[in-house]
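Subject: Structure handover

Hello,

Here is the structure we talked about handing over. Please open it alongside this email.

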Amino acid sequence: MIREKSKAFVFDFDDTLAFTDAKVHVIDWNGQVVASLTPQEFNTHKLKANESFDFSDFDKASFILNSKPTKLIDLARDVFSEGHSVFILTARNDCVALAIAEFLNGFGITTKQIHCVGGWSLDIAKAKRKVLLSIIENFDKVWFFDDDARNIELAKDLKLKAKKV
């Protein structure tokens, strides 16, 4: 009997499967918001001295539930309907995992697992790489889709296909 190869498709959430209105706020030393960045702008933004990031918008389920799907949602739906495993690997915190699941369910997608690495790592790309290593162990073929070049770069030497979207 020939065993069918198991396939996993791993998607980032923000700007990969959905566009949200959530912003990363740049805070100065006085606690004032000096800039509000989209996830794409955040990927390349360099903080100035005495500035920090505020990610509080990304902990709000309403931003997820009101988001707009990207074109990649069709791929996620197709591979799920073909019986392949779909994973979400996001820099968001665990507190929004249920909202992500609800959003995807609205498109006929049930995930195998939602990995939220935002709450436990300062280096998101390395945290995502660690999760990808655990997924690779359990599947014959893995595809990874993300909008951040660094996340893709750290995944390229793994036994998977990584694509920047």
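Below is what turned up, helix by helix and then charge by charge.

One caution before the details: this is a predicted model.

**Helix α4**

Start with α4, which spans residues 97–105. Ala97, Ala99, Ile100, Phe103 and Leu104 are its buried residues. Viewed down the helix axis, these residues fall within an arc of 160°, so they line one face of α4. Leu98 and Glu102 sit on the other side and are exposed.

What does the buried side of α4 pack against? The partners are a mix of strands and helices. The strands are β2 (18–19), β6 (68–69), β7 (85–90) and β8 (113–116). The helices are α2 (61–65) and α3 (72–81).

**Salt bridges**

The count comes to seven salt bridges. Three of them are described here, starting with Asp12 and Lys128.

The side chains of Asp12 and Lys128 meet at 3.0 Å, N to O. This pair links distant parts of the chain. Asp12 is in the loop between β1 (7–11) and β2, while Lys128 is in helix α5 (residues 124–136). They are 116 residues apart. Are these two charged residues buried or exposed? Both Asp12 and Lys128 are buried.

Asp74 and Arg77 form a local pair within helix α3. They are three residues apart, about one turn of the helix. Their closest N and O atoms are 2.5 Å apart. Asp74 is partly exposed, at 37% relative accessible area. Arg77 also counts as partly exposed, at 28%.

Arg129 and Asp157 make a salt bridge at 2.9 Å, N to O. Arg129 lies in helix α5 and Asp157 in the loop between α6 (149–155) and β10 (161–164), so the bridge ties together parts that are 28 residues apart in sequence. Arg129 is partly exposed, with a relative accessible area of 23%. Asp157 counts as exposed, at 59%.

There is also a network to look at. Salt bridges that share partners join Asp12, Lys128 and Asp146.

**Around Arg129**

Arg129 deserves a second look. Which residues does Arg129 contact, leaving aside its neighbours within four places in sequence? They are Leu154, Asp157 and Leu158. With Asp157, the link also registers as a side-chain to side-chain polar contact of 2.9 Å. For a backbone reference, the C-alpha atoms of Arg129 and Ile152 are separated by 9.0 Å. Those two residues are 23 apart along the chain.

**Asp148**

Last, please check Asp148 on your screen. Asp148 is found in the loop between β9 (141–146) and α6. It is buried yet has no salt bridge. How far away is the nearest side chain of opposite charge? That side chain belongs to Arg150, and it is 6.8 Å away. The backbone of Arg150 is another matter. Its nitrogen lies 2.8 Å from a polar atom of the Asp148 side chain.

So there are two buried aspartates to set side by side. Asp12 is buried and has a salt bridge with Lys128. Asp148 is buried and has none.

Best wishes

Notes:
Residues are numbered from 1 along each chain as its sequence is written. This is a predicted model: local features need pLDDT of at least 70, side-chain atom pairs count only at pLDDT 80 or more; totals for chains, interfaces and linings use all residues. Side-chain values use heavy atoms; hydrogens and water are left out. Buried means under 20% relative accessible area, exposed over 50%, partly exposed in between (1.4 Å probe, protein chains only). Helices (H or I, at least four residues) and strands (E, at least two) are DSSP runs, numbered from the N terminus. The arc is that of the directions from the helix axis to the C-beta atoms. Contact means heavy atoms within 4.5 Å. A salt bridge is a side-chain nitrogen of Lys or Arg within 4 Å of a carboxyl oxygen of Asp or Glu. A polar contact is a pair of N or O atoms within 3.5 Å; within protein, one must be able to donate a hydrogen and the other to accept it, and residues adjacent in sequence count only if both atoms are side-chain atoms. Lys and Arg count as positive and Asp and Glu as negative; His and the chain ends are not counted.
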